[in-house]
Amino acid sequence: MTVATYGEHAENAAQALNALIRADMIPADKHAVDQLLHCRETVVDALRQRLYDLGQDSWYPRPDHLRANTSKPSLAGLDAKLATLVDSIALGLPTLPLDEHRSSSEYLTPASADPTVEAWRAAAVELLSASHALSASEEQSWRTDPGAGWWVMRDAAVALEAVLVLDSRLEEVGLLAGHQRPDFAMGLDEKRLVLSQTARVATWHATSASPEEATPRLQPRALSTVVQPVSMVSTPADLAAAQQRLARFLRPLSANDVFYAEEPEITADSARQITASQLYLCRAFAKASDQSAKTSMFGAFFTERSEVLESLQPQLSHLADVKAGKEPNMRRYWQQSELTTAVARMEERGVPIRLHPPQMAELAKATHEVTHDLGKGLRRELLRNNSNLVDAHPRHADGPVRVGRNSRLETTLTDLVNMPAPNAPAARFSNPLQRAALQQALNLTPSSSARMPMPFPAARAAAYGAPAI
């Protein structure tokens with residue numbers, strides 16, 4: 001059974017909205033208009049649900065879908081307020097009265113002979129399916145990762161702008177006269193300004209296209225607090241997920257965590273094993289990146305990471321545990337062994353690590369998380385007052401000593417922690433065709449305005465005594 005992904009639904013929805021933007025046709029039949037307005041309601045609700053899933057709203061929504069008056073925004077610090085403004089615009093869209101709401105199966109199931117109504121129906125079905133794929137997916141990185149969140153926000157902003165343009169056409173013929181709406185300070189042009197700027201900013205900052213592969217879970221799993229031991233690696237496409245699992249195991253507990261008991265975070269043997277293994281993996285990933293021109297941009301990232309790990313590895317050779325004990329989290333050992341063994345097996349069998357640019361980007365982000373959490377956890381353990389790690393180098397005449405601040409090891413770990421995450425915009429290697437076409441169509445579709453704007457700046461009054469030009 002094949003399940004469509006969020007990206008596939010979003011592409012189909014963009015194609016339907018683009019057809020509506022270009023056609024500019026409204027049906028005259030009463031039943032067709034009724035189906036159109038209910039499909040439009042589903043489109044609006046699907047976009048509101050997507051913004052709710054992004055976590056920009058603390059409630060969803062009041063029964064009448066309406067929000068209190070929104071003041072007109074200023075341009076100062078606009079980019080920092082874009083997500084909230086987009087949320088306000090979505091909740092301020094005209095909405096059918098509650099007594100006119102019907103079951104979605106009544107108007108989404110039957111196909112329409114009118115092409116405009118059918119395009120609205122297709123947009124409603126696809127946007128609703130896309131939002132459901134995000135809400136019901138197993139891994140929801142866009143809730144915590146801003147790079148993935150901006151990818152979803154860009155799609156929502158472009159779709160909302162398309163709805164605004166289509167609503168302006170429905171307003172002209174009075175089809176939205178009976179809808180409920182709040183008093184909103186921004187006009188159509190200002191809303192489009194906010195949404196187009198949101199799409200532009202989202203393109204800059206969307207460093208992950210992982211939402212594209214989101215699919216709803218086929219079978220709900222029973223809730224459990226037990227993390228599965230190992231993410232298996234059978235193909236190169238599994239490497240990113242395995243690295244993400246390892247990063248989760250390496251993430252240190254904070255002092256205010258309920259499970260924090262001032263116990264050792266990591267042992268000396270585990271630090272040496274993970275450092276050596278990640279050095280091997282980074283070299284293999286750098287080599288794999290250089291095999292394709294589309295992924296060569298990530299080669300420098302993996303090479304720089306391997307250089308720091310190469311500098312760190314000999315400094316751990318004399319690290320020792322004060323109290324010998326078992327590794328506090330054996331799952332990190334198992335996961336790292338699975339990764340190293342899988343890549344070594346691929347090299348031995350001549351299986352090349354070929355990944356698409358979005359997959360390589362996810363692998364780079366996951367590798368950054370692993371090395372960042374490794375450096376952070378090891379540095380925190382070394383500098384703890386009751387640390388279980390000491391430097392047992394033979395040059396110390398009085399025996400093992402504590403690793404202090406500003407030592408070579410602590411400086412190298414700080415460099416590893418502070419290494420930047422990959423920040424290449426995902427649009428460089430993943431630019432969905434239909435969503436790009438919709439965005440371009442909106443750029444070429446002016447708002448219906450009673451007054452044509454002028455390109456000439458206002459004349460400036462000359463100061464008294466100023467020299468003539």
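Excluding residues up to four places away in sequence, Gly-7 touches Glu-212 and Arg-435, a contact being heavy atoms within 4.5 Å. The model is predicted, so local features need pLDDT of at least 70 and side-chain atom pairs count only at pLDDT 80 or more, while totals for chains, interfaces and linings use all residues. Residues are numbered from 1 along each chain as its sequence is written, and side-chain values use heavy atoms, with hydrogens and water left out. Gly-7 belongs to helix α1 (residues 6-23), where helices (H or I, at least four residues) and strands (E, at least two) are DSSP runs numbered from the N terminus. With a relative accessibility of 6%, Gly-7 counts as buried; buried means under 20% relative accessible area, exposed over 50% and partly exposed in between, for a 1.4 Å probe and protein chains only. The C-alpha atoms of Gly-7 and Glu-212 are 4.2 Å apart in space, although 205 residues separate the two in sequence.

Both contact partners of Gly-7 recur among the charged pairs. A network of salt bridges links Glu-11, Asp-155, Glu-212 and Arg-435, a salt bridge being a side-chain nitrogen of Lys or Arg within 4 Å of a carboxyl oxygen of Asp or Glu. Within this network, Asp-155 pairs with Arg-435 at 2.8 Å between the closest N and O atoms. The pair connects distant parts of the chain, with Asp-155 in helix α6 (residues 146-172) and Arg-435 in helix α14 (residues 433-443), 280 residues apart. Asp-155 and Arg-435 are both buried.

The whole structure contains 20 salt bridges. Another of them joins Asp-373 to Arg-251, with 3.6 Å between the closest N and O atoms. Asp-373 lies in helix α12 (residues 357-383) and Arg-251 in the loop between α8 (239-250) and α9, so this pair ties together parts that are 122 residues apart in sequence. Asp-373 is buried at 7% relative accessibility, whereas Arg-251 is partly exposed at 45%. The side chains of Arg-40 and Glu-41 also meet in a salt bridge (3.8 Å, N to O), and both of these residues are buried.

Aromatic contacts were examined next. Rings of Phe, Tyr and Trp (its six-membered ring) pair if their centres lie within 6.5 Å, with planes under 30 degrees apart counted as stacked, over 60 as edge-to-face and the rest as tilted. The count by this rule is two aromatic pairs. Phe-285 and Phe-302 are edge-to-face, at 5.5 Å centre to centre and 65° between the planes. This pair links helix α9 (residues 268-289), which holds Phe-285, to helix α10 (residues 299-312), which holds Phe-302, across 17 residues. The rings of Phe-301 and Phe-302, with centres 5.2 Å apart and planes at 75°, are likewise edge-to-face. Ring pairs thus join Phe-285, Phe-301 and Phe-302 into a cluster. Phe-302 is buried with a relative accessible area of 0%, and Phe-301 is buried at 10%.

At the level of the chain, 14 helices and two strands are present. Of its 469 residues, 48% count as buried. Residues 24 or more positions apart account for 85% of the contacts with a separation of 6 or more. The chain exposes about 24400 Å², of which carbon and sulfur atoms supply 54%, areas being obtained by the Shrake-Rupley method with a 1.4 Å probe and, for residues, with only the protein chains shown as cover.
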